[in-house]
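Work through the exercises below with the structure open beside you. Try each task before reading its solution.

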Amino acid sequence: MEGTNGADVPISGELVSVAHALSLPAESYGNDPDIEMAWAMRAMQHAEVYYKLISSVDPQFLKLTKVDDQIYSEFREIFDKLKIDVLDPEELKSESAKEKWRPFCLKFEGVVEDFNYGTLLRLDCSQGYTEENTIFAPRIQFLAIEIARNREGCNKAVYVGVQPKEGEKGVSGGEQKKAEKKEEEASDGGEKEQGATAGVGEEEKGGTVGDGGKEGGETSGEGGKEGEPARDGEKEKGAAEEGGKRETAKEREKEKEVNKEIKEDE
C-alpha cells in the first residue's frame, strides 16, 4: 500500500507505518529495531536543536512550553533533593525511581504535547550529546530536568563556554586599535616624508640656481682680473717706446754737439 503527500509524490507503505508508529505512545509497541531507530533519529534531531538553542541564548530566559512554571514547581515539590547538574542514571531508571517518576509524568498527560515521546537527556549538563553522556528519557522527564537546569543556572556553562570571553574581546579590540594606529602613523609618516623630499628638492633647486649665479659672478670677476695683466703690458710697452724716443733725441743732441765742436776746431 502506498500513500501520497500534498504534492502527489508516492510515499512507501514502510514510511507510513513508521510515521504511524511514531504517533503512538511508547508502550504501544515492543522492542522493534526499526521503530527504535526511527525514534533515535527523531530524538537526535530534537537534541541538536535544543543544544544549539542553549548555546546561542542565555538558558535562564528560555521557555520550553506554555506550562514551564507548573512543570518546575511540581518537579521540585516531588524531587526537591534531586541533583540535576550531573544526573545519576539510577535516579531515573531504577525500579524505585520509576515508581516515583511515573505519577509525576502522568500528571501532564493531555497537558504537555507528546509528553511520553522518547528524547535524549544529557547526564552532565556542562557537556554535549555524546554517547557516554546521553540516555533516553520520556519528554516530560526531559522537560522537567532541563527547565530546572535553565532556571537554576546549570545550563549557563554551555552558553558561556561558546561565547567570546571578555578578556579576549578586550585583547582583540586592543589589537585592532593598535593596528589602526600603526596604519595612521604609517600614512602620516609617508606624507611627511613626501613633504620633506619635496622641500629638499626645492632647496637643492634653489641652491643650484644660487651656486650658478655665484659661479657666473666669480668667473666674470676672474675674467676681469685676467684682463688686468694685458693692460699692464700695454702700459709697459708704451713706457718703453717713450723711453726709446727720449734716448734717440738725446743721442741726436750729443751728435749735434760733437759735430759742432769738430767744426769749431777746424
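The model is predicted.

**Exercise 1. The overall layout**

Task: Find how many helices and strands the protein has, and in what order the elements run.

Solution:
- Start with the count. The protein has 8 helices and 4 strands.
- Next, read from the N terminus. The elements run β-β-α-α-α-α-α-β-β-α-α-α.
- Then look at burial. Of the 266 residues in the protein, 23% are buried.
- Finish with contacts. Among those with a separation of 6 or more, 64% join residues 24 or more positions apart.

**Exercise 2. The largest nonpolar core**

Task: State how many residues the largest nonpolar core has, and which have the most contacts inside it.

Solution:
- The core has 35 residues.
- Ile71, Phe75, Trp101, Phe104, Leu121, Ile140 and Ile145 have the most contacts inside it.
- Now find the suppliers. At least two core residues come from each of α2 (33-56), α3 (68-78), α5, β3, β4 (134-138) and α6 (139-151).
- The largest share is that of α6, with 7 residues.
- As a general rule, nonpolar side chains in soluble globular proteins tend to be buried together.
- Take isoleucine 71 as a case. Beyond its neighbours within four places in sequence, isoleucine 71 contacts Thr65, Phe104, Phe108, Val112, Ile140, Leu143, Ala144 and Ile147.

**Exercise 3. Helix α6**

Task: Decide whether α6 is largely enclosed or not enclosed by the rest of the structure, and check its span.

Solution:
- Count the buried residues. They number 11 of the 13 in α6, so the helix is largely enclosed by the rest of the structure.
- Name some of them. The buried residues of α6 include Ile140, Phe142, Leu143 and Ile145, and also Glu146, Arg149 and Asn150.
- Check the span. At 1.5 Å a residue, the 13 residues should cover 18 Å. The end C-alpha atoms are 18 Å apart, which agrees.
- Look just past the helix. There, glycine 153 takes a positive phi of about 80°.

**Exercise 4. Aromatic pairs**

Task: Count the aromatic pairs. Then classify the pair of tyrosine 50 and phenylalanine 142, and that of tryptophan 101 and phenylalanine 104.

Solution:
- The structure holds 9 aromatic pairs.
- Take tyrosine 50 and phenylalanine 142. Their ring centres are 5.2 Å apart and their planes are at 75°. Planes over 60 degrees apart count as edge-to-face, so this pair is edge-to-face.
- Place the two residues. Tyrosine 50 is in helix α2 and phenylalanine 142 in helix α6, so the pair ties together parts 92 residues apart in sequence. Both residues are buried.
- Turn to tryptophan 101 and phenylalanine 104. Their ring centres are 5.7 Å apart and their planes are at 80°, so this pair is edge-to-face.
- These two residues are 3 apart in helix α5, separated by about one helical turn.
- Check burial. Tryptophan 101 is buried at 3% relative accessibility, and phenylalanine 104 is buried at 0%.
- Find the cluster. Phe75, Phe79, Trp101, Phe104 and Phe108 form one aromatic cluster.
- Add a charge over a ring. The charged end of arginine 122 sits over the ring of tyrosine 129, 5.7 Å from its centre.

**Exercise 5. Cysteines**

Task: Explain why cysteine 125 has no bond to cysteine 154.

Solution:
- Find the distance. The sulfur of cysteine 125 is 4.8 Å from that of cysteine 154, the closest cysteine sulfur.
- Apply the cut-off. A disulfide needs the sulfur atoms within 2.5 Å. The gap is therefore too far for a bond.
- Check the total. The structure holds 0 disulfides.
- Check burial. Cysteine 125 is buried, with a relative accessible area of 3%. Cysteine 105 is also buried, at 10%.

**Exercise 6. Buried or exposed?**

Task: Classify serine 55, lysine 52 and aspartate 114 as buried, partly exposed or exposed.

Solution:
- Serine 55 lies in helix α2. Its relative accessibility is 13%, so serine 55 counts as buried.
- Leave out residues up to four places away in sequence. Serine 55 then touches Val158, Tyr159, Val162 and Gln163.
- Lysine 52 is also found in helix α2. Its relative accessible area is 62%, so lysine 52 is exposed.
- Lysine 52 and tyrosine 159 are 107 residues apart in sequence, and 9.4 Å apart in space from C-alpha to C-alpha.
- Aspartate 114 is in the loop between α5 (95-106) and β3 (118-122). At 26% relative accessibility, aspartate 114 counts as partly exposed.
- Its backbone has a further feature. Phi of aspartate 114 is near 55°, a positive value in a residue other than glycine.

Note on methods. Residues numbered from 1 in each chain as written. Predicted model: local features only at pLDDT ≥ 70, side-chain atom pairs only at ≥ 80, totals over all residues. Heavy atoms only, no water. Buried < 20%, exposed > 50% of the residue type's maximum accessible area, 1.4 Å probe, protein only. Core = buried A, V, L, I, M, F, W, Y, C linked by side-chain atoms within 4.5 Å. Contact = heavy atoms within 4.5 Å. Phe/Tyr/Trp six-rings, centres within 6.5 Å; stacked < 30°, edge-to-face > 60°. Lys NZ or Arg CZ within 6 Å of the ring centre and 35° of its normal. Expected span 1.5 Å × (residues − 1).
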